[in-house]
Amino acid sequence: MEYMRNLHILKTTALMAALLLAGQTAPVHAAQKPVADVDRYDLIWDSPSGDASGSMPIGNGELAANVWVEQNGDLVFYMSRTDCWSETGELYKLGRIRVSFSPSITSSSDFSQVLDLGHGRIGLKGAGLDLSFWIDSEQPVIRIAGKSAQGVCVSAKAEVWRDSLRKINPSDAGSLIRSMSGYPDSLDFYCYPDNILDCEDAVVVMHHNRCSSYDMTLDLQGIDLENRAAYDPFMDRCFGFRMEGKGFSRKSPLELESDGSVKDIDLRIATECGICHEDGEWSAKVTRISESAPSCGRSARRTRGFWRRFWRRSYIFVQTPDAVTGDRINQAYILQRWVQACAGRGEFPIKFNGSLFTVDPVFTDPSCDFNPDCRRWGGDYWWQNTRLPYYPMLKSGDFDMMQPLFEHYFRNLPMMKANARALCGVDGALSPETATVFGTFCCNDYGWDREGCEDALPKNRYIKMHWSSSLEMISLMLDYFDYTSDRKFLEQRAIPYAREFLRFYDSAFGRDAAGKLVICPTQSLETYWFDVVNDTPTVCGLNDVLPRLLALPEGLGTPEDRELWQKLASSLPAVPQGTVDGAEVFMPAESFNPQRSNCENPELYPIFPYHLCNISTGNVQVGRESFERRNEKANVGWSQDGQEAARLGLKDEVAKMLLAKLDNSHDAFRFPAYWGPNYDWTPDQDHGSNLMTTLQEMVLQTYDGVDYLLPAFPDDWGVRFKLHSFNGKVVKYRSASKK
């Protein structure tokens with residue numbers, strides 16, 4: 001019996017569900033414990049997996065693993081970090097480990113593998129073995145510990161696939177090596193082999209970037225950056241791991257072996273990533289990390305404490321007339337939040353195209369028979385995709401996980417200022433829609449062959465004049481301030497960031513005879529390219545952020561800042577509207593050629609991500625008419641239809657959309673939250689995050705400090721939630737579903 005697939009969740013509190021459906025109140029001790037309720041959705045598998053497609057994800061926010069047990073009883077896992085950038089900007093795995101047991105953990109019929117959400121661990125049992133696999137909440141260290149009733153012989157082996165110098169073929173894998181794809185014959189790019197370091201009592205494997213595509217990228221795009229070497233994230237980046245354990249000896253450079261049959265198992269794998277000029281420098285760092293690791297008991301206790309606090313921050317539990325549907329919604333929400341938390345506290349933002357949990361690409365697409373480092377769309381950051389995991393973090397109260405996004409883009413601000421100078425010849429900063437790790441356009445988007453180019457902008461027409469991402473980031477930063485009241489963040493991050501991008505709009509575009517800003521040339525997202533004036537996403541962004549900046553308390557922002565904010569606010573064009581079929585609707589731009597080149601609905605940006613049209617505004621009917629007439633109706637990947645329907649209060653439609661999102665799990669994968677690939681890759685973080693945002697918007701919306709409860713929630717469903725609102729407020733709510 002596969003508990004995950006048929007959703008017969010163990011530990012189900014049937015009494016509580018019955019009470020809710022009857023409109024009664026469950027006992028406090030049974031109904032008010034979010035961790036206990038999360039435990040209901042632990043995944044319990046009673047059979048091993050064939051390969052990495054049957055893996056469970058786990059992580060501590062910076063370091064993550066895909067864990068599975070094969071039919072022969074081997075425990076196998078990939079290790080990943082948010083910062084393991086290759087020579088050309090691909091996000092590499094740290095490696096793969098295979099742990100073998102004799103006798104095998106699958107040699108009896110009592111095998112089980114459990115994702116224990118409340119404790120932040122994976123439990124493994126069988127043939128007298130009782131193991132826990134977890135990643136320390138405070139260190140980048142994997143722990144494997146447990147007991148064997150009869151004694152067991154254990155070996156742990158590192159499996160290396162980057163074992164020789166490999167030239168990166170520009171035609172290999174297409175967008176799987178995104179930024180460098182199609183590079184000219186005059187250039188050569190290589191993946192260097194991993195190094196296996198000699199160590200008496202441990203297995204130590206590292207990757208050292210001996211070259212970098214950074215300088216070439218800046219030269220190609222004509223970017224002049226002071227102290228440019230300081231911003232190179234690739235050259236001499238070293239990453240890898242050190243594996244050792246109590247009662248283990250090194251059998252070979254890649255394998256540890258227990259000293260005979262043992263009853264107590266204690267393995268640890270410490271990881272490290274950073275800029276180091278010598279291998280020995282990196283080795284000393286990872287050794288210190290390993291030696292500073294606490295005992296298994298202490299590590300497990302603090303990790304358990306972290307996850308219990310995490311689950312208590314917020315929760316949503318839905319009850320539907322048929323209990324299975326409610327369980328499916330709850331499981332999807334919980335598992336997606338788990339996946340976000342497992343990869344959301346590192347140095348770099350969550351990768352939209354698989355996060356840290358990609359495995360061999362052939363399982364997602366049989367035609368992609370490449371190594372485990374490969375993923376569709378590569379290692380670059382695409383704003384329209386990167387942003388979506390961060391919206392549900394506001395109501396979830398997962399504010400710590402938003403910091404990597406803000407820090408990444410703020411860290412690249414000097415490069416984006418250089419972009420504005422080099423590509424447009426203006427002041428301020430320009431944030432590419434599709435960007436390298438260090439903030440330039442991707443080389444293949446910019447164009448390897450610039451002959452015949454009339455300007456310095458990218459050749460890729462999809463993103464050539466896609467300017468608006470910076471305004472959405474400013475809006476999201478202001479949302480963060482609304483929720484947290486973090487004045488220091490506003491002063492040190494949001495306002496300095498806004499300053500440079502608003503300078504760009506002030507200097508890059510002219511005014512008409514009435515003094516109104518004329519945003520041209522531009523485009524409306526990736527969909528409308530030609531003859532576009534005052535595209536709606538940009539106009540909405542300016543109309544959203546400028547009044548909010550001007551409303552900040554005195555003392556926030558310099559006098560020069562406020563002068564610029566007022567200057568731009570007084571010249572803002574109105575959000576484009578028009579009449580279609582006799583109804584007033586939002587338009588993609590003030591004027592534009594209607595030829596469509598992609599499947600977005602830029603006319604709906606007043607609804608999401610911006611706050612200009614929703615259940616609290618007088619133009620909500622304009623939004624509803626616009627939504628009804630949208631060109632693209634989609635409910636997967638980065639499509640925003642679900643949260644838009646919720647913000648418009650369309651109860652029936654949004655419920656259907658939410659339920660449809662549940663069916664997007666990839667059939668080849670065993671873990672139910674392996675969404676996609678949709679437009680991107682598996683597990684699709686945009687799809688799972690939009691599912692979370694849609695559900696949150698159904699139960700709670702906040703505008704101008706006013707909380708609206710159940711604004712788009714079906715009348716015959718019940719819900720209990722704890723979510724966050726403005727100024728640090730926590731909203732708790734409980735309703736009973738109706739028959």
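**Figure 1. Helix 8 and helix 21 cross with a left-handed turn.** This close-up, like the others here, comes from a predicted model. Helix 8 covers residues 323–343 and helix 21 covers residues 685–699; the two pack at an angle of about 125° with their axes 10 Å apart. That angle makes helix 8 oblique to helix 21. On the helix 8 side, look for Ile 329, Ala 332, Tyr 333, Gln 336, Arg 337, Val 339 and Gln 340. They meet Gln 685, Gly 688, Ser 689, Leu 691, Met 692, Leu 695 and Gln 696 from helix 21. Sort the residues of this contact by type and you get seven nonpolar, six polar and one charged.

**Figure 2. Helix 11 packs against helix 14.** Here helix 11 (residues 403–411) and helix 14 sit with their axes 12 Å apart, at an angle of about 135°. So helix 11 counts as oblique to helix 14. The crossing of this pair is left-handed. Which residues of helix 11 meet helix 14? They are Gln 403, Leu 405, Phe 406 and Tyr 409, and their partners in helix 14 are Met 473, Leu 476, Met 477 and Tyr 480. Seven of the residues in the contact are nonpolar and one is polar, with no charged residue among them.

**Figure 3. The largest pocket holds about 610 Å³ of space.** Its lining is made up of 31 residues, and the ones closest to the pocket's centre are Asp 479, Asp 482, Arg 548, His 611 and Phe 726. Several elements each chip in at least two lining residues: helix 10 (392–396), helix 14 (469–484), helix 16 (536–550), helix 21 and strand 27 (700–703). Which helix gives the most to the lining of the largest pocket? That would be helix 14, with five residues. By type, the pocket lining splits into 12 nonpolar, 11 polar and eight charged residues.

**Figure 4. The largest cavity has a volume of about 140 Å³.** Rolling a probe the size of a water molecule over the atoms is a handy way to show where empty space is left. In this structure there are eight cavities of 30 Å³ or more. For the largest cavity, the lining comes to 14 residues. Nearest its centre you'll find Glu 600, Asn 601, Trp 638, Ser 639 and Gln 640. The lining of this cavity is a mix of five nonpolar, four polar and five charged residues.

**Figure 5. Two cis peptide bonds lead into prolines, at Pro 609 and at Pro 683.** Most peptide bonds are trans, so cis ones are worth a close-up. One of them runs from Phe 608 to Pro 609, with omega near 10°. To find Pro 609, look in the loop between strand 26 (589–591) and helix 18 (620–628). The other runs from Thr 682 to Pro 683, and its omega is near -5°. Pro 683 belongs to the loop between helix 20 (651–661) and helix 21.

**Figure 6. Asp 236 has a positive phi.** Most residues other than glycine have a negative phi. What is the phi of Asp 236 near? The value is near 65°, in a residue other than glycine. Asp 236 lies in the loop between helix 5 (214–220) and strand 14 (237–245).

Conventions:
Residues numbered from 1 in each chain as written. Predicted model: local features only at pLDDT ≥ 70, side-chain atom pairs only at ≥ 80, totals over all residues. Heavy atoms only, no water. Axes fitted to C-alpha atoms, helices over the stretch in contact; angles between N-to-C directions. Helix = DSSP H or I, 4+ residues; strand = E, 2+ residues; numbered from the N terminus. Parallel < 35°, antiparallel > 145°, perpendicular 65-115°, else oblique. Left-handed = near helix turned anticlockwise from the far one by under 90°. Contact = heavy atoms within 4.5 Å. Nonpolar A, V, L, I, M, F, W, Y, C, P; charged D, E, K, R; others polar. 1 Å grid on protein atoms, 1.4 Å probe; cavity = no way out; pocket = protein on both sides within 12 Å on 5 of 7 lines; lining within 4 Å. Points joined across faces, edges and corners; volume = space filled by probe spheres on them.
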